[in-house]
Each structure stands twice: as C-alpha cells, then as structure tokens.
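Please look over the sequence and the fold shown below before reading on. The text walks through the structure one part at a time.

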Amino acid sequence: MIKNDIAIHWFRNDLRIHNNNSLLNLSQKYKIFPIFIFDETQPKEDSANYWWLIHSLDKLNQNLNGNLHVYHGKAADIIRKLIQKYNIKALGWNRCYDPSSIERDSFIKEEFKKFSLDYIRSENSHLLWEPWKVKPTKNKLYTVFTPFYKKGCVSDPINKAKLNQPLQLVYSDIHESESLFNISQFNLPIWTQKFKKYWKVGEESALSTFTDFVERKIDQYKDRRNDVDSEFISQLSPYIHFGEISIHQMWDNLNKLPCNNGVNHFKSELGWREFSYYLLYNFPDLKEHNIRSEFNAYPWKFNETFFDAWKWGQTGYPMVDAAMRSLYETGYLHNRCRMIVASFLTKNLNIHWKQGAEWFDLTLMDADLASNYASWQWAAGSGTDTMQYSRIFHPVIQGKKFDVNGSYVRQYLPEISRLPNEYIHCPWEAPQSILQNLGIQLGQDYPNPIVNFEQSTLEANKRFEIIQHLIKQNRS
Ligand SMILES: Cc1cc2nc3c(=O)[nH]c(=O)nc-3n(C[C@H](O)[C@H](O)[C@H](O)COP(=O)(O)OP(=O)(O)OC[C@H]3O[C@@H](n4cnc5c(N)ncnc54)[C@H](O)[C@@H]3O)c2cc1C
C-alpha cells in the first residue's frame with residue numbers, strides 16, 4: 001500500500017518498536033513522524049531515571065534509523081505547531097496512567113478535534129488490564145492484592161490480537177535538524193556515569209534479558225527470589241518501566257511455558273505492578289496523600305541526621321547500609337532490600353514515607369510513580385493494606401536469612417568485610433578482641449547503630465495504636 005499521509009507517533013513510556021500498538025496501527029496507513037517530548041511528566045534531570053531515558057532514546061533513535069525528533073515544552077503547543085506546519089493527518093500514542101499525563105492527554109484529544117484529523121487515538125501498550133476495566137467486587141474497589149489479581153485480573157484473558165504482527169515502517173521526510181535526537185546534547189549528571197558498568201539499555205537488551213530469565217532462571221524464581229544477591233530475579237523493572245519490552249508479549253510467552261511455581265509466581269509479581277497502577281488510577285494523589293486518611297494524624301518526625309545516615313548507608317545496621325549503598329552505586333535495589341529499608345525508615349526512624357519515596361525517585365533506575373509510591377504507602381502502612389504497619393523488618397534477622405553468608409554486605413561495606421559470618425549483620429555483638437584483631441573500630445570505621453532496634457520498634461507500635469484506634473472509630 002502506498003502511504004502518502006503523515007501520522008505522528010508520540011513516544012512516551014513505550015520506547016520500543018516491536019509490539020507497540022499505537023505505532024503498529026498508525027504504520028498500516030501512514031508515513032510515520034516519530035517524536036518524543038520533554039515536558040513536566042518526564043524524569044528530573046538529576047535522576048537515575050533520566051540517565052536511562054536518554055540512553056533509551058538513543059537506542060530507539062538507532063532503531064528508527066535516526067528519525068526520532070525530540071522537543072522540549074508543553075506537549076499540546078508543540079504538537080499543534082507540528083500538525084499545522086506539516087499537514088499531519090493522524091496522531092497516536094500509547095496510554096500513560098499518572099494524573100498529569102491523563103489530564104494532558106484528555107486535553108489534547110478534546111482540543112485537537114478542531115483540526116479534523118483522520119485519526120487521533122490512544123492505545124493500551126503498558127498494562128495487562130486497564131484499571132477501569134478490572135471487574136470490581138461487590139461494587140467495591142479492591143484494596144488487597146490477592147482478590148484483585150485472582151478475581152479482577154487473571155479471570156479475564158488479555159487481548160492478543162495485535163501481538164507479533166509485522167511492522168512496515170515508512171518514515172515521513174520531515175527533518176528538523178535542530179530537533180533530531182542527538183545524545184551529545186544532553187548533560188547527564190556526573191553521579192550517574194557509573195551506571196553504564198551495570199546496565200545495557202534498549203529493546204534488544206530488554207528482550208535478551210527476558211529470554212535469558214525464562215530459559216535459565218524462572219523455574220527457581222519462587223524459591224530463590226528473596227536472596228538479596230539472587231541471580232534468580234529478572235531485573236527487568238527499568239525495561240518494563242520505559243516500555244522497552246511489551247508486557248503483553250511477556251505475558252503471552254509466560255502462558256506458553258510449562259506451568260510451575262516459578263512461572264506462576266513471576267506472573268503474580270507482574271500482577272503487583274498492575275495492582276500499583278490500579279491504586280494510582282483510583283487514588284490519583286497517592287504521591288502526595290495517605291491512601292488511608294487516618295494516617296494524616298500520624299506523628300512523623302523528620303530528623304535530618306537520621307535521614308542522611310539512611311540515604312548514605314551509615315545507620316550502623318549492615319543490611320540497611322549495604323542496601324542503600326548498592327542503590328546509589330547501581331541504580332537498582334532488590335525487592336527484599338526495598339522492603340527492609342522502607343520499614344526501617346518509616347518505623348524505626350519515624351520518617352515520613354514521602355521522604356523515602358522521593359529518594360527512591362531520584363536514585364532508582366526503575367523509579368515508577370505507581371509502583372514506587374504505592375509500595376512506599378504499602379510498606380508504611382498508610383496504603384490500602386494496614387496490616388502492613390505491624391510488620392517491622394528486623395535488619396539483623398533479615399540479613400541472616402536472606403544474605404546467609406554475608407556476601408552482599410561484604411560487597412558494599414568493605415570496612416567490616418573481614419568480620420566472621422556470625423557478626424557480619426550485627427558488628428556491635430562482636431567481642432572487642434575480634435574487632436581489635438581485625439583493626440575495626442566501631443563508631444569510627446563503621447557507625448554504631450543510630451537507634452536501638454527494640455526500643456524504636458516499641459515506640460513505632462505505640463504510634464500505631466493511635467492509628468488503630470482511629471481506624472476502629474471510623475469503622476464503627
Ligand atoms: C518501597 C518500594 C519501592 C518500590 N519502587 C518501585 C519502583 O519505583 N519501580 C518498580 O518497578 N518497582 C518498585 N518496587 C517493586 C519491586 O521492588 C521491583 O519491581 C523489583 O524489585 C524489580 O526487580 P526485578 O525486575 O528483578 O523484579 P522481579 O522479581 O523479577 O519481578 C518482575 C517484575 O514484576 C514487577 N514487580 C515485581 N514486584 C513488584 C512489586 N512489589 N510492585 C510492583 N511491581 C512489581 C516489576 O515490573 C518487575 O520488574 C518497589 C518496592 C518497594 C517495597
């Protein structure tokens with residue numbers, strides 16, 4: 001088919017060519033003018049997320065034969081100008097689910113009707129189940145994961161109609177040389193330079209990471225995923241966040257595998273991601289406000305010294321410190337470690353979940369508004385599942401269980417790495433003679449614990465009693 005007319009495909013969190021629903025639809029009839037816009041919904045320039053985004057755009061641009069155009073500013077203004085200047089006939093994108101994007105996209109859909117384009121359409125290419133389509137239970141929102149996943153989601157098969165269809169891209173001949181993507185025009189923060197040691201960005205790497213995980217690791221996923229230096233996790237989160245891999249394609253491939261505990265468990269973790277998006281859609285201000293309003297009365301107390309110690313891995317609890325240093329070093333944190341450090345910050349240090357979520361937002365490569373803020377609220381207890389509050393992770397017990405021989409702690413805390421296994425998670429228990437022999441001076445080479453765990457846990461439980469009382473009052 002000869003294509004004369006031009007369509008804009010507006011890339012956002014779908015930085016791939018394969019199984020990209022909007023791109024596929026548009027390319028069947030139109031020449032494609034691919035664009036990306038840096039507006040207020042994009043990551044901050046000093047964040048790990050930004051590092052990934054720029055490298056991801058670079059890969060995408062290569063796959064688009066150098067045709068990607070990037071713009072900075074208000075999306076509606078930029079697209080309006082392009083439509084008028086180049087007689088664009090169609091506009092398409094894949095949906096985002098954060099409130100700012102929803103507001104922006106709804107405005108554009110409405111506003112651009114006056115241009116009488118042949119086609120202006122958004123597609124789902126980011127979620128398995130759109131939040132508004134998840135069947136409610138007894139007309140109530142799901143507040144707990146398992147019923148959401150089992151009753152609301154998996155009982156409803158995903159639409160596979162568009163999977164793995166051939167894509168025949170013809171590019172428009174628009175070339176705005178000052179807007180063509182060029183990685184050298186972006187200043188990446190110095191602290192993110194080390195990430196290239198750890199990550200390969202782009203859709204080819206996303207697919208090979210997924211294939212390797214499915215071929216070599218998934219069968220052991222359920223049993224081994226909690227070990228903090230586990231090789232049996234996928235580390236797909238940044239690829240999924242930026243849409244370098246199609247979630248529908250992943251799901252379809254998983255459904256073709258022999259069914260076992262590993263496969264089922266991995267699918268349920270993808271379900272947790274869907275749950276986070278469902279919560280974000282139904283509680284659009286979850287980045288700012290407690291999902292449970294009872295927590296508005298919670299006596300958080302910001303302490304800068306504690307917060308700095310937490311951020312930079314200087315709390316005196318090796319499991320917390322190794323996790324926080326690994327986050328800053330690699331831009332990634334194992335799920336178990338995320339739970340440990342979130343519990344420690346909100347419960348033992350009594351610092352608001354927002355502070356922790358903002359630090360993760362800056363330092364995580366996979367920082368995702370839905371998964372990050374929903375998970376922080378879940379960990380703090382202010383989310384839909386309040387039972388979480390009473391779950392306080394003991395960093396020493398967690399360390400002994402999930403970093404059995406201390407290798408994770410040793411990797412990130414060289415100053416105590418020579419301690420015997422027995423004391424690697426609790427250096428303050430090591431006899432003075434051992435410390436002396438190893439030349440380790442606690443309080444100087446490595447901090448003493450900044451809070452007493454048992455005491456701070458008691459205090460957290462007392463604070464929670466106030467909230468429990470309010471929850472009971474509101475129920476009656
Ligand atoms: C406090 C806190 C903050 C978090 N912030 C983020 C975040 O900003 N971005 C993010 O993608 N995940 C976040 N998570 C969820 C989870 O920790 C990561 O998705 C996971 O560790 C990524 O590693 P992986 O790809 O190897 O996961 P795997 O175990 O291999 O899981 C596969 C995929 O399932 C999804 N997933 C797994 N667990 C969860 C979960 N609990 N919630 C939502 N999705 C999940 C992710 O897309 C992940 O890539 C957070 C969890 C906590 C406790």
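What follows goes from a sheet to the helices beside it, and then to a ligand, a helix and a lysine.

The model is predicted: local features need pLDDT of at least 70, side-chain atom pairs count only at pLDDT 80 or more, and totals for chains, interfaces and linings use all residues. Residues are numbered from 1 along each chain as its sequence is written, and side-chain values use heavy atoms, with hydrogens and water left out.

Begin with the sheet. It is open, has five strands in the order β3-β2-β1-β4-β5, and its pairing is parallel. The strands (E, at least two residues) and helices (H or I, at least four residues) are DSSP runs, numbered from the N terminus, and two strands pair if DSSP finds at least two bridges between them. The edges are held by β3 (69-72) and β5 (119-123); each has a single partner strand, so one side of each is left without a neighbour in the sheet. From one strand to the next, the twist averages 25°. Axes here are lines fitted to C-alpha atoms, for helices over the stretch in contact, and angles run from 0 to 180 degrees between N-to-C directions. In general, strands of a sheet pair through backbone hydrogen bonds, either parallel or antiparallel.

The pairs can be followed one by one. Strand β1 (residues 6-11) and strand β4 (residues 90-94) are joined in the parallel sense by four bridges, and Ala7 stands opposite Ala90 in β4. Six bridges link β1 with β2 in the parallel sense, where His9 stands opposite Pro34 in β2. Between these two strands the chain passes from β1 through helix α1 (residues 21-27) to β2, a β-α-β crossover that is right-handed. Right-handed means that, with the strands pointing away from the viewer, the path from the first strand over the helix to the second runs clockwise. β2 and β3 are parallel partners over four bridges, with Ile37 opposite Tyr71 in β3. The chain reaches β3 from β2 through α2, and this β-α-β crossover is right-handed. On the other side of the order, β4 and β5 pair in the parallel sense over five bridges; Leu91 stands opposite Ile120 in β5. The unit formed by β4, α4 and β5 is a right-handed β-α-β unit.

How are β2 and β4 covered? In β2, eight of its eight residues are buried, where buried means under 20% relative accessible area, exposed over 50%, and partly exposed in between (1.4 Å probe, protein chains only). On one side of β2 the buried residues are Lys31, Phe33, Ile35 and Ile37, and on the other Ile32, Pro34, Phe36 and Phe38. In a regular strand, side chains alternate between the two faces of the sheet. Five of the five residues of β4 are buried, so β4 is largely enclosed by the rest of the structure. Ala90, Gly92 and Asn94 are buried on one side of β4, and Leu91 and Trp93 on the other.

Two helices lie across the sheet's strands. Helix α2 (residues 48-63) lies across β1 and β2 (31-38), at about 165° to β2. Helix α4 (residues 99-111) lies across β1, β4 and β5, at about 160° to β4.

Next comes the ligand. Of the 28 residues around it, Tyr221, Ser234, Gln235, Tyr332 and Asn335 come nearest; a residue counts as near if one of its heavy atoms lies within 4 Å. Tyr221 has a side-chain N or O atom 2.5 Å from an oxygen atom of the ligand. A polar backbone atom of Gln235 is 2.7 Å from an oxygen atom of the ligand. For Glu269, an N or O atom in the side chain is 3.0 Å from a nitrogen atom of the ligand.

Helix α9 (residues 247-255) is mostly covered, with seven of its nine residues buried. Its buried residues pack against α5 (145-153), α6 (203-217), α8 (237-241) and α10 (261-282), contact meaning heavy atoms within 4.5 Å. Ser246 caps the N-terminal end of α9, with a side-chain oxygen 3.2 Å from the backbone nitrogen of His248.

Last is Lys217, which is placed in helix α6. Lys217 is buried, with a relative accessible area of 16%. Not counting residues up to four places away in sequence, Lys217 touches Asp212, Glu231, Phe232 and Ile233.

Note on methods:
Polar contact = N/O pair within 3.5 Å; in protein donor to acceptor, adjacent residues only side chain to side chain.
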